[in-house]
Amino acid sequence: MFLAVCPAMLIGQNITGHVYEEGDSGKNPIPGVNVYWVNTTEGTATDAEGYFELNRPSKSYKQLVVSYIGFEKDTVSIERKQKDIEIVLRVNKELKEVKIVSRGPSAHIDRMSSRSVQEITGAELCKAACCNLGESFETNASVDVSYSDAVTGARQIQLLGLSGIYTQMMVDNVPDLYGLAQPFGLSYLPGTWMKAIQISKGCSSVVDGYTAVAGQINTNTKDPDDDEKIALNGMFNSMMAYEGNFVGRVKFNKHLSTNLMLHAGNMQMKHDANGDGFLDMPMTSTINVRNKWKYRIDAVSMLQMGLNALYENRAGGQMSYYEKANSGNLYGINIRTKRFEALLKGGHEFNDDFNLAFKSSGAYHNQTSFYGKNTYDAVEKTFYFNTVFQGVFGGDDAHSFSTGLSYFYDDYVENLHINTVDGAAVPVIGNVLNDTVLTMTESVPGAYFEYTFHKENLPIVIVGIRGDYHNDFGLFVTPRFHVRYTLNEHNVFRASVGKGYRTAHILSENSSLLASSKQLVIIDDLKMEEAWNYGVNYTRYFNIKEKELTLNLSAYRTHFRNQVIVDMDNDYRYVYFYNLPGRSFSNVFQIEGNYELFKGLDVVLAFRYQDVKVAEYAGDITERNSVLEKKPMVNRFKGLLNLSYGTRLNKWRFDYTLQVNGDQRLPVPDYADEHPDIYDFEDSAPVYCIMNAQVTRNFRRWSIYLGGENLTNYKQNNPIVCADNPFSEYFDSSRVWGPISGIKVYLGFRYTLD
């Protein structure tokens, strides 16, 4: 949820620090400085603020090498208890001219991680409007973000060709944004609150749980005793949406610190660019408050806690619904959300070899909503607790372990009413969700053990296993394996294999289907989903003209057992939910390059190919013969080009992003021929391009930015089926595969006080 586990709670601990140069006006941070352990290839680079964070695998790692072109190389000794350092480099006097020839990339592969982890820094987040987490991946080639429907503004991510429900979402290294928060959770985290994002493909550590199937996305929010003292951000756009953000921190003494994060957003303009009579985007108003505290008891003990409260109101539907006093025969949508979260965690380092940490969180989520004549009210209560005991075997730092106990509790109460359209026949099988009260309680205690072998010049090997007991599904076991081999300083190879499990919550995860006339049908009792994930990753670093070219290649395969299918291919009147007995898999290959082409110009070029298929039922839903088909609403490929140019001293910055989105199959129900011709179904979506650009003027503490999104003005034609008659059996707003609105221009400012 809110706070990262403190450095003392990691095996060998983390070393953090800043690298500066001494200038006429004082100390200036240096980005892109190489920081690594002496006699190893294990290191990192400083970010735009000269900050670095580096894992210290064992107490035998005692000296850091700090090097940068134009400055004298320095070797710094690190004391046993030292965790935060400050390094000042001196200009190399032997050079007649000092040239800064490279900068640290704002998005990069974490060199130290055993898994394939891409770090998105604060500098990368500033390349776009980045109003919230959902808009933070516009310059990223691995994560896709799209709208779930054409009326509510709900957004979803895709990673490794799979829906966001298969990606474990974390905030400050604690599971979050699942359940009822999943449809709109990407809008709950404002960009100004975020410090960095880590995207991990494939299975994650067993320490974090059993749910990560496609990967894990962790968002670090601003820290109470670090980052800016004050950060302000304001923005408005051409759709008359505006927002304001504030982050302020206070450090009372060396023990106690706190920060306060505020967000307010509003968009009330009624906008209908495609002329279908429906608002292209819902009118929204949001208030979000987050407060974090950190208390350092002593050098080896720490407590952290946090509170979060959110209120959001969404209103959409037909334009005329908000223009006429009597709107009973018009289509409107309203979704009101109240969400409260709390966190407490801490830890103690016994000595260099052993430490203990815990983290606990709870959330209360209340949603009341109506979609035309359909209503959906739900309440979710969750509790999470995890203990982590870490140590080494026999005093040998090469052999370390993490073990602990965890507990997860999740309680759902969902009240659903779906309006039955006249003439819609009741299917002969399955349970139709109409006037329904669904309750589900998950109580899952678990235990895990993870072993790490880490010795200089040998592959790093991590083997983990965990066992959990679900109150409905019984005992299940989650094995995971990771290996990282550094051939030399230019070549890094990673591989992983692991299993994941997931409980499907079909209403909260598919609430966008309520904005249609479809009947929801569950066939049999749904089982827990299981999946294996296999992945390989190769990173090659080239030195070309004193600049570093990073080339990253990855390939991942995920195959399911008992995958829960959302079947819209059988009958346009119904959506069927069932466990698939046949095959279902995702194969993804990606290549990405990052290089500073010339001074000030960074280039990112990437291409991803996806082969995602499921064994859809052919013909009658009762038949058990299945046909392997492309999974609908998944792009076959994606291309990305990002150009970022900064002038001298970064006074001006120009950013440009081009996305090429591949074709995708669309669901075509067997009974689609019963539709009137004017509502014909398309069976595929075309290839299309999206262009975004932004120009930023940086001052000492201020930044002003002007940007545009979807500059090609590309829009999906007729995103709503039967928009002219939303209470008929043909109405459907869920067939969204592309942009709904056209060009959007925005203007904003940022202010920071360090």
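A residue counts as buried here when its relative accessible area is under 20%. With that cut-off in hand, take the whole chain of this predicted model: it has 754 residues, and 58% of them count as buried. The secondary structure is 2 helices and 46 strands, so keep in mind that strand labels run from the N terminus. As for how the chain folds back on itself, consider the contacts with a separation of 6 or more: 66% of them are between residues 24 or more positions apart. The accessible surface adds up to about 30,700 Å², and carbon and sulfur atoms own 56% of that.

Let's go inside. The largest nonpolar core has 71 residues, and the members that touch the most others are L133, I197 and L520. Strand β16, residues 194-201, is the top contributor to this core, with 3 residues. What does L520 touch once its neighbours within four places in sequence are set aside? The list is I418, N431, V432, L433, L507, L513, L514, V575 and F577. Another core lies apart from the largest one; it has 18 residues, including V35, W37, V76 and I87.

Now for the charges. In general, side chains of opposite charge can pair when their charged atoms come close. Here a salt bridge needs a side-chain nitrogen of Lys or Arg within 4 Å of a carboxyl oxygen of Asp or Glu, and the count comes to 23. Start with R466 and D468, whose side chains meet with N and O 2.8 Å apart. Are these two buried or exposed? R466 is buried because its relative accessibility is 3%, and D468 is buried too because its value is 1%.

A second pair, D569 and R665, has an N to O distance of 3.1 Å. This one ties together distant parts of the chain: D569 sits in strand β35 (residues 564-571) and R665 in strand β42 (residues 664-665), 96 residues apart. D569 has 9% relative accessibility, so it counts as buried. R665 comes in at 18%, and therefore it is buried as well. Elsewhere, salt bridges with shared partners link D223, D225, K294 and R296 into one network. Then there is the pair E228 and K222, with the closest N and O atoms 3.2 Å apart; both of these residues are buried.

On to the strands themselves. A good place to look is β33, which covers residues 529-544. On one hand, strand β31 (residues 491-502) runs antiparallel to β33, and 12 bridges join them. If you want a landmark for that pairing, R502 stands opposite E529 in β33. On the other hand, β33 is also joined by 15 bridges to strand β34 (residues 547-561), again antiparallel. There, F542 has L549 in β34 as its bridge partner. The hairpin of β33 and β34 leaves 2 residues between the strands, and K545 in this hairpin has a positive phi near 50°. When you follow side chains along strands, recall that in a regular strand they alternate between the two faces of the sheet.

For another strand arrangement, find the open sheet of 3 strands in the order β11-β12-β13, with antiparallel pairing. Its edge strands are β11 (143-147) and β13 (162-163), each pairing on one side only. Strand β12, residues 155-159, is joined to β13 by 2 bridges, and Q158 stands opposite S163 in β13.

Finally, some backbone angles worth a click. Most residues other than glycine have a negative phi. N710 is not a glycine, yet it has a positive phi of about 55°. N718 is another such residue, with a positive phi near 50°. Where do you find N710? It is in the loop between β45 (702-709) and β46 (744-753), and N718 lies in the loop between β45 and β46 too. Their surroundings can be read from accessibility: N710 counts as buried because its value is 7%, whereas N718 counts as exposed because its value is 63%.

Terms used. Residues are numbered from 1 along each chain as its sequence is written. This is a predicted model: local features need pLDDT of at least 70, side-chain atom pairs count only at pLDDT 80 or more; totals for chains, interfaces and linings use all residues. Side-chain values use heavy atoms; hydrogens and water are left out. Buried means under 20% relative accessible area, exposed over 50%, partly exposed in between (1.4 Å probe, protein chains only). Helices (H or I, at least four residues) and strands (E, at least two) are DSSP runs, numbered from the N terminus. Contact means heavy atoms within 4.5 Å. Accessible areas come from the Shrake-Rupley method with a 1.4 Å probe; for residues, only the protein chains shown count as cover. A nonpolar core is a set of buried Ala, Val, Leu, Ile, Met, Phe, Trp, Tyr and Cys residues joined through side-chain atoms within 4.5 Å. Two strands pair if DSSP finds at least two bridges between them.
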